[in-house]
Structure formats: structure tokens, C-alpha cells
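Hi,

Here's the structure I promised to pass along. Have a look at it first, and then read my notes underneath.

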Amino acid sequence: MTMTAPISPLHHDLARAARQIWLTEGTPPGSPVVEAVLAGRLAVSRTPVRAALRLLEEAGITQRRGRLMVVADPARELPAVEARDPVDALVGAIARAREERRLADIVRESDLMREFGQPRGLVSRALAKLATLGVVARNPAQGWHFAATLAGEEERMQAMRFRLVLEPAALRQPGYALDPAFARAMREAHEAVLARPWRDVEAVRLFEMNAAFHLGLAQGSGNRFFIDAVEAQNRLRALVNADWRFGDNRAHDSCREHLAVLNALEAGDNERAAMLLEDHLRCAGP
């Protein structure tokens with residue numbers, strides 16, 4: 001049975017961005033909603049768009065007609081962001097235990113239930129979340145195995161040096177185009193983080209937003225090699241960043257630095273944006 005990934009603030013942000021596109025463009029009811037096309041317009045992968053579409057359908061903004069999803073009533077309001085799901089705390093705990101080598105390469109749900117004293121349903125949801133982050137994958141026979149990650153401080157520094165070359169270069173590509181819907185969604189998500197006191201339990205959501213931001217910047221280049229490389233780096237650093245240990249100041253500083261990059265791109269100053277991104281990466285940690 002396919003497990004449904006928990007809804008995150010990013011999914012709410014994407015749902016709001018999609019609704020705004022339809023309102024702004026006057027999309028008539030009955031217009032088909034194509035997942036891949038919407039993902040392209042929002043500059044994210046299809047997985048978070050799928051979750052956003054669940055929210056839109058539940059709110060009556062879209063509806064299913066057989067196998068087709070269509071716009072129903074974009075004037076309807078989306079519900080407020082749901083309270084934090086306890087799965088995020090367990091995801092962070094699993095990431096920390098793996099980093100501290102307290103978990104083997106292969107684990108079963110029963111192992112994690114005993115280790116963390118949590119019920120099977122919550123463990124299953126945490127594993128599903130880790131799978132979407134690229135941290136674990138299901139074994140063909142039984143259990144789950146942890147994917148390759150950044151092993152040790154030297155490998156993390158090598159990855160950072162690679163990102164310093166890679167990501168700013170994407171912003172300097174000829175014809176670079178920042179997607180406006182992506183920029184709006186990211187701005188709303190970052191401002192929401194800045195508007196509330198930081199809590200370590202928000203680490204998983206912060207990483208999801210962070211990963212989506214860096215991937216969205218790369219997608220503006222229109223170059224699949226940049227995009228694939230950034231996606232690979234997101235997967236490698238997911239385990240470390242799912243257990244944020246850099247403090248509340250760094251979390252908020254990171255959001256401000258992201259917003260500064262967006263400001264420069266929206267002003268058409270890609271060179272300044274690339275330089276700000278370099279400064280951000282130097283400060284960002286793994």
C-alpha cells in the first residue's frame with residue numbers, strides 16, 4: 001500500500017501559489033490541471049505538487065472528474081496551515097541516531113519502534129518522510145536501508161566547495177529565468193519562518209523549504225545538468241539537515257539570505273544574486 005506523505009507548510013505555500021495563478025489568469029472552471037505542467041510553473045518537482053493538489057481538492061478549489069483533475073472554484077479559501085505533525089520530531093531523532101551511528105545500515109519498523117518508543121503508524125510515516133527526502137529506501141525483501149550520505153567533515157567540506165562552484169554558476173547562465181510563482185511561494189514560506197520564534201522541531205520543514213529553494217534557483221537556468229546536480233546534493237545533505245543543530249539565529253539568517261537572493265533576481269541583477277548566494281553557502285554549514 002502506498003503511504004501518503006504528511007502535509008507540510010511548503011505544500012500549503014504551493015497550493016496558495018497555484019490558486020493565485022488561476023485567480024490572476026482568470027482560469028475558468030473546468031480547466032484541466034496537469035500535474036507536470038503545474039510543477040513546471042511552480043519550479044518544483046511533482047511530489048510536493050501532488051500534496052498541494054490534495055489540499056486544493058479538499059478545499060473544493062479543484063475536483064476530480066474521472067481520472068482528470070480540473071479547476072473548480074479558485075475563489076474558495078484554503079484552510080490555515082495545520083498544526084505541526086509529530087512525525088517531524090521522529091524524523092529528526094532518526095537522523096540524529098543515524099549520524100551518531102546508533103542505527104545500522106538496514107533497519108526494520110520494529111527496530112525503530114523499540115529504539116524510540118513510538119507506535120508503528122508514526123514510525124511508518126517517519127520512514128515515508130525520510131524516503132521522500134532520499135534518506136532511506138525500502139529493501140526488496142524486508143526493512144529499509146539508509147542511502148549514501150556525506151561521510152565526515154572532510155566530505156562535507158568537499159560537497160560545500162562543489163556547491164560554491166555549481167549553484168552560483170546556474171544563476172549566471174544565459175537566459176536565466178526565475179519563475180514568479182516559485183518566487184512568491186518561497187517568499188511567503190521564508191517570511192512565515194521569520195514571523196515566529198524558531199523551534200528545533202521545525203528542522204525537517206526548514207530543510208524541505210531550503211532544498212526546494214536551492215532546486216528552484218537551479219531550475220531557472222533551464223539546464224538539466226545543474227538541476228540534477230543540485231537534486232543530488234539535496235539528497236546527500238538531507239540526513240544532516242533533518243536534525244538542525246546550527247541554532248535559531250542561523251535558521252533566521254539563512255531565510256534572510258535566501259530572500260536577499262530572491263530580491264536581486266527579481267531586480268534583474270543576477271550577478272549580485274550569484275554573489276549573495278556564494279556568501280550564503282559559505283555561512284550555511286553542511
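Below is what I found in it, going from the whole chain down to a few residues.

First, a caveat: this is a predicted model, so please read everything here in that light.

**Whole chain**

The protein chain has 286 residues, and 51% of them are buried. Its secondary structure comes to twelve helices and five strands. If you take the contacts between residues at least 6 apart in sequence, 70% of them join residues at least 24 apart. As for the outside, the accessible surface is about 13700 Å², with 53% of that belonging to carbon and sulfur atoms.

**Ala218**

I also looked at one alanine in some detail. Ala218 sits in helix H9, which covers residues 203–219. Its relative accessibility is 2%, so Ala218 counts as buried, the cut-off being under 20%. What does Ala218 touch, once you leave aside its neighbours within four places in sequence? The contacts are Ala170, Phe226, Ile227 and Val230. Pro168 is worth finding on screen too: Ala218 and Pro168 are 50 residues apart in sequence, yet their C-alpha atoms are 8.8 Å apart in space.

**Cysteines**

You may be wondering how many disulfides there are in the whole structure. The search came back with zero. Two cysteines to look at are Cys255 and Cys283. Cys255 has a relative accessibility of 1%, so it counts as buried. Cys283, with a relative accessible area of 47%, is partly exposed.

Cheers

Terms used: Residues are numbered from 1 along each chain as its sequence is written. This is a predicted model: local features need pLDDT of at least 70, side-chain atom pairs count only at pLDDT 80 or more; totals for chains, interfaces and linings use all residues. Side-chain values use heavy atoms; hydrogens and water are left out. Helices (H or I, at least four residues) and strands (E, at least two) are DSSP runs, numbered from the N terminus. Buried means under 20% relative accessible area, exposed over 50%, partly exposed in between (1.4 Å probe, protein chains only). Contact means heavy atoms within 4.5 Å. Accessible areas come from the Shrake-Rupley method with a 1.4 Å probe; for residues, only the protein chains shown count as cover. A disulfide is a pair of cysteine sulfur atoms within 2.5 Å.
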